[in-house]
Amino acid sequence: MPQKPVELILMQQLASCLAVPMLLLDPAGNVVFYNEAAERLVGRRFEETGAIPREEWVSVFTPVSETGAIIPFETLPLAIAMRERRASHLAFRFRNLAGQERRIEETAFPLEGQGGRFVGAVAMIWEGGGQ
């Protein structure tokens with residue numbers, strides 16, 4: 001496995017110290033880390049799942065609106081941060097790996113390295129959103 005960019009490593013260290021649930025994605029959209037605060041939302045410890053390939057997490061964590069309509073992946077904050085390289089925010093519901101439905105608010109933003117090089121995205125999540 002290739003070495004992570006230093007910016008992702010530093011963000012992982014910061015996320016490890018925070019009480020706010022956070023997920024880190026690499027430039028390909030793979031979840032490369034989520035902190036202890038995010039484990040309850042995800043439904044499993046990071047030590048159990050390890051990195052989660054984009055195809056897997058996109059298919060497992062189906063986001064829905066308050067009316068129950070499936071939210072297209074490309075309109076989610078993480079997808080917007082990855083594609084458009086800008087911050088985004090949305091409240092929605094999803095079912096986690098433990099089969100529990102969670103209502104959250106997600107704010108995602110791109111992570112840039114030296115010279116503006118895109119190195120991934122970060123999502124900060126608050127439970128109880130979408131009201």
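**Notebook: helix 5, R85 and E7**

I began at the end of helix 5, which is followed by R85, a residue whose phi is positive, near 55°. The model I am reading is predicted.

I noted that R85 is a residue other than glycine, although its phi has a positive value. I then looked up its place and found R85 in the loop between helix 5 (77-84) and strand 4 (88-95). Is R85 buried, partly exposed or exposed? I recorded a relative accessible area of 40% for R85. The residue is therefore partly exposed, as its value lies between the cut-offs of 20% and 50%.

I turned next to helix 5 itself. How many of its eight residues are buried? I found six, and entered the helix as mostly covered. The buried residues are P77, L78, A79, I80, A81 and M82. I also asked which elements these buried residues pack against. I listed strand 1 (22-25), helix 4 (54-60), strand 4, strand 5 (101-112) and strand 6 (118-127).

My last entry concerns E7, which I located in helix 1 (residues 6-17). I recorded a relative accessible area of 13% for E7; because this is under 20%, E7 counts as buried. What does the side chain of E7 reach? I traced it to the backbone nitrogen of Q114, at 3.4 Å. Leaving aside residues up to four places away in sequence, I found that E7 touches L111, E112, G113, Q114, R117 and V119. Q114 thus appears in my notes both as a residue that E7 touches and as the one whose backbone nitrogen the E7 side chain reaches.

Methods. Residues are numbered from 1 along each chain as its sequence is written. This is a predicted model: local features need pLDDT of at least 70, side-chain atom pairs count only at pLDDT 80 or more; totals for chains, interfaces and linings use all residues. Side-chain values use heavy atoms; hydrogens and water are left out. Helices (H or I, at least four residues) and strands (E, at least two) are DSSP runs, numbered from the N terminus. Buried means under 20% relative accessible area, exposed over 50%, partly exposed in between (1.4 Å probe, protein chains only). A polar contact is a pair of N or O atoms within 3.5 Å; within protein, one must be able to donate a hydrogen and the other to accept it, and residues adjacent in sequence count only if both atoms are side-chain atoms. Contact means heavy atoms within 4.5 Å.
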